[in-house]
Amino acid sequence: MMDNFKEDIVVSRNQTLPSILYVICWIFLVIFGLYALLMLQVLFVAFDVLTLLMTVLSAGAALALFFIKDNLKVEYEYTFTNGSLDFAKVMRGAKRKELGSMNVANVAACGHVAHDSFRRFLSMPGVQKKNWFLNRDGNLFYFYYKKDDKNHMIIIEPSEEMVGMIRNYLAAGVYQG
């Protein structure tokens, strides 16, 4: 038996704004970091509460920017293997964060976001929605499922080839169009 395997990597079509923000983040990270180091030297010479506060704030800002910058260059990776779909978030092409895995046989409903069924499931009370896509104008696809008595919805941006493979593993009536 032949395995059904497909891997999709989704990147943002417009990289201009994230690239500009990434550079700005690095510039301010260096400025705040250097300022914190300079203020730390001043603290060793003459201790002052205001100087301590400025040192902590600038070091905190540099640290926050250090963690924020990675989320500006993001890709999503979807891997489909014989009915199992794995999701991952790749930051800067280096850091990989596993988002989850699901067996498409356990899905209650799925289909394209443009279909009316998407709005019906989205309007249900208590639905926990996860947006794992980058391009709002892309070919968005949703999965609605129940887990631990809670309603969940995942929205991704797969290729049409992957959608075709997924449809082969769905139960009758699950695909909403």
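A residue is taken as buried when its relative accessible area is under 20%. In the predicted model described here, Cys 110 has a relative accessible area of 0% and is therefore buried. Cys 25, at 7% relative accessibility, likewise falls under the 20% limit and so counts as buried. A disulfide is a covalent bond between the sulfur atoms of two cysteines; the structure holds zero disulfides.

The strands considered here are arranged in two open sheets, which are described in turn. Strands of a sheet pair through backbone hydrogen bonds, either parallel or antiparallel. One open sheet consists of four strands in the order 1-2-3-4, and the pairing within this sheet is antiparallel. Its edges are formed by strand 1 and by strand 4, the latter spanning residues 95–103, and each of these two strands pairs on one side only. Averaged over this sheet, and with direction ignored, neighbouring strands are turned by 15 degrees against each other.

Within the sheet of order 1-2-3-4, strand 1 and strand 2 (residues 74–81) run antiparallel and are joined by six bridges, and Val 10 has Tyr 76 of strand 2 as its bridge partner. Ile 9 is located in strand 1, which comprises residues 5–10. When residues up to four places away in sequence are not counted, Ile 9 touches Glu 75, Tyr 76 and Glu 77. The C-alpha atom of Ile 9 is separated by 18 Å from that of His 112, a residue 103 positions apart from Ile 9 along the chain. Helix 4, formed by residues 160–169, lies across strand 1, strand 2 and strand 3 (84–91), and runs at about 135 degrees to strand 1.

The other open sheet is also built from four strands, here in the order 5-7-8-6, and its pairing is mixed. Strand 5 (109–112) and strand 6 (128–132) stand at the edges of this sheet, and because each has a single partner strand, one side of each is left without a neighbour in the sheet. For this sheet, too, the average turn between neighbouring strands, direction ignored, is 15 degrees. Strand 7, covering residues 141–147, pairs with strand 8, covering residues 150–156, in the antiparallel sense over seven bridges. As part of the description of this pairing, Tyr 144 has Met 153 in strand 8 as its bridge partner.

Notes: Residues are numbered from 1 along each chain as its sequence is written. This is a predicted model: local features need pLDDT of at least 70, side-chain atom pairs count only at pLDDT 80 or more; totals for chains, interfaces and linings use all residues. Side-chain values use heavy atoms; hydrogens and water are left out. Two strands pair if DSSP finds at least two bridges between them. Axes are lines fitted to C-alpha atoms, for helices over the stretch in contact, and angles run from 0 to 180 degrees between N-to-C directions. Contact means heavy atoms within 4.5 Å. A disulfide is a pair of cysteine sulfur atoms within 2.5 Å. Buried means under 20% relative accessible area, exposed over 50%, partly exposed in between (1.4 Å probe, protein chains only).
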